[in-house]
Amino acid sequence: MANISKEEVKHVAHLARLAITEDEAEKFADQLAAITTFAEQLNELDTTNVIPTTHVLPLVNVMRKDQSVPGLDRDKMMKNVREQEAGQVKVPSILD
Amino acid sequence: MTLFKHSATELQEMIHNKEISIEDLTAESYKRIDSLDGDVKAFLALNKEQAIAQAKEMDKVPAAKRGPLFGMPIGVKDNIVTEGLETTCSSKILEGFNPIYDATVVRKLREAGMITVGKLNMDEFAMGSSNENSAYKITKNPWDLDRVPGGSSGGSAAAVAAGEVPFSLGSDTGGSIRQPASFCGVVGMKPTYGRVSRFGLVAFASSLDQIGPITRNVRDNALLLEAISGVDESDSTSANVDVPSFVESLTGDIKGLRIGVPSEYLGEGVGEAAKQSVLDALKVLESLGATWEEVSLPHSKYGLATYYLISSSEASSNLARFDGIRYGFRAENVENLLELYKETRSQGFGDEVKRRIMLGTYSLSAGSYDAYYKKAQQVRTLIKQDFDQIFEKYDVIIGPTTPTPAFKVGENIDDPLTMYANDILTIPVNLAGVPGISIPCGFSEGMPLGLQIIGKHFDEATIYRVAHAYEQATSFHKQTPQLWEGANS
């Protein structure tokens with residue numbers, strides 16, 4: 001069974017921008033180990049030289065016309081912003 | 001009994017003959033919701049005032065300007081954005097979110113003259129197979145209120161099965177339309193990847209997600225898919241292919257049809273009742289002139305692992321946008337921006353969503369990428385090739401939609417892997433990007449069973465032709481849950 005340490009779980013949680021408690025770290029370590037162990041059955045298959053499928057349709061570089069079009073209305077875009085000031089999005093300090 | 005026992009075609013005739021008005025039809029939806037939804041719990045936000053006003057206006061439109069779906073009420077899954085109507089994806093993190101534009105499919109519904117009645121409950125961010133992962137309520141199966149409706153489009157399937165609306169939209173990433181359609185005894189179609197625009201569908205796994213229709217019969221389903229299909233400049237993955245008239249394909253004629261039945265779909269892990277109902281269905285199709293042979297999807301057993309790696313990886317990236325800054329829930333009493341992100345996301349997301357974000361982040365992280373994410377994409381190629389090979393010789397693939405009928409609420413919630421196993425027969429279809437439908441094909445323990453018909457890329461027309469021929473030869477789709485009888489209407 002894959003072994004995933006609590007420290008690894010905390011690192012992944014940080015990458016995912018999730019705050020987790022010690023209890024959660026333990027729970028996730030067990031669950032992630034179980035799911036990745038399950039996923040390791042894929043190693044039964046030899047996939048040397050198999051091209052990965054990122055997308056099922058044969059679409060490449062879909063471009064729109066190089067024409068300017070009106071964007072969304074700014075007042076509308078601010079409608080769901082919880083904290084704002086003078087038409088701008090307000091957030092807590094980004095520097096210590 | 002309700003007006004919604006009738007098909008759209010019959011309802012249009014009743015409107016044409018002035019037996020009912022469009023306003024009556026809309027009012028009927030809200031009456032049914034009032035009397036039934038306290039138990040079924042399919043709906044989240046309702047659009048009552050605006051819908052009734054819209055219906056009154058539409059009653060004035062001359063008959064010549066009305067299409068086949070004009071005035072028909074519809075419910076929309078809550079991961080499809082509707083301007084001015086709260087859209088939450090059944091997550092706390094989007095509580096109170098009022099979209100500022102309509103999804104392309106919602107615009108198309110309006111252009112077809114359909115009336116959006118309200119938003120339908122789901123597993124949070126479409127992650128789940130039972131609706132138990134909704135942050136707001138647990139939708140119940142109209143056939144037995146102790147059982148789940150399936151998921152993640154559980155609200156969409158239950159609302160149609162309860163006769164609250166004749167139409168709904170769901171979305172399907174690994175079975176999320178077909179599995180609840182099967183559990184609730186209704187018709188649910190996952191179209192070919194790229195057939196329907198995803199613009200305005202809140203993304204879960206972008207290479208797998210597809211919006212599709214849920215209805216009580218095949219003809220209505222074909223009508224609705226026709227209305228929402230087509231290339232869209234706002235979705236670069238929507239396909240520029242012709243949209244045929246799916247309704248015209250409903251000829252009833254399936255003579256000479258070649259059916260492949262994967263042995264894996266009648267093998268280990270699939271319940272006896274599901275197997276038997278498929279074998280019975282094949283007899284019906286044979287009697288209509290089709291032939292079937294056993295075939296193999298040898299890599300389908302790897303589908304589940306492949307799916308969870310790919311879908312969780314894509315989800316961990318897609319769900320990065322929920323950070324509390326521009327919309328939705330924002331955590332309070334935080335010191336700095338990093339803490340705001342972390343607290344907002346930890347308080348806003350439910351357990352299953354966090355679990356998948358963690359799995360996805362892990363499989364994309366340095367040192368794991370090749371072993372998990374890339375490996376899964378390579379196996380995806382093998383799974384897709386299995387389908388390509390079968391479709392060189394056969395017109396459709398048929399099997400059960402789910403291994404078992406609907407399970408009890410609470411039965412599987414504590415065990416992610418058992419819960420995931422519900423989707424073993426539907427997931428390979430998403431990985432290959434082909435279309436698949438679930439239609440009613442029997443009952444077990446009083447609960448509906450679903451027949452899954454899978455077709456070639458962009459060949460929904462053949463799926464509908466087969467589904468319709470089978471439906472006309474059987475009566476499973478005419479049965480309704482007990483709760484239809486007692487309800488006011």
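**Exercise 1. Determine which way the residues of strand S5 of chain B point, and whether they are buried or exposed.**

Solution. In S5(B), B:Val187 and B:Met189 point one way while B:Gly188 and B:Lys190 point the other way, and all are buried, where buried means under 20% relative accessible area, exposed over 50% and partly exposed in between, with a 1.4 Å probe and protein chains only. In general, side chains in a regular strand alternate between the two faces of the sheet. This is a predicted model, in which local features need pLDDT of at least 70, side-chain atom pairs count only at pLDDT 80 or more, and totals for chains, interfaces and linings use all residues. Residues are numbered from 1 along each chain as its sequence is written, chains are lettered from A and ligands numbered from 1 in the order in which they are written, and side-chain values use heavy atoms, with hydrogens and water left out.

**Exercise 2. Identify the strands that pair with S5(B), and the residues that stand opposite B:Val187 and B:Lys190.**

Solution. Strands are DSSP runs (E, at least two residues) and helices are likewise DSSP runs (H or I, at least four), numbered from the N terminus; two strands pair if DSSP finds at least two bridges between them. On this basis S5(B) pairs with S6(B) in the antiparallel sense over two bridges, and B:Val187 stands opposite B:Thr215 of S6(B). Three bridges join S5(B) to S10(B), again running antiparallel, with B:Lys190 opposite B:Gly436.

**Exercise 3. Place S5(B) in its sheet, and find which helix lies across it.**

Solution. The open sheet of chain B has 11 strands in the order S1-S3-S2-S4-S6-S5-S10-S11-S9-S7-S8, with mixed pairing. Its edge strands, each pairing on one side only, are S1 (43-46) and S8 (291-295). Helix H7 (residues 218-228) of chain B lies across S2, S4, S5, S6 and S10, running at about 150° to S6(B); axes are lines fitted to C-alpha atoms, for helices over the stretch in contact, and angles run from 0 to 180 degrees between N-to-C directions.

**Exercise 4. Describe where A:His55 is found and which residues A:His55 touches.**

Solution. A:His55 is found in the loop between helix H2 (22-39) and helix H3 (74-77) of chain A, and is partly exposed, with a relative accessible area of 25%. Not counting residues up to four places away in sequence, A:His55 touches B:Tyr193 and B:Thr237, contact meaning heavy atoms within 4.5 Å. Finally, the side chain of A:His55 reaches the backbone nitrogen of A:Leu57 at 3.3 Å.

Notes
A polar contact is a pair of N or O atoms within 3.5 Å; within protein, one must be able to donate a hydrogen and the other to accept it, and residues adjacent in sequence count only if both atoms are side-chain atoms.
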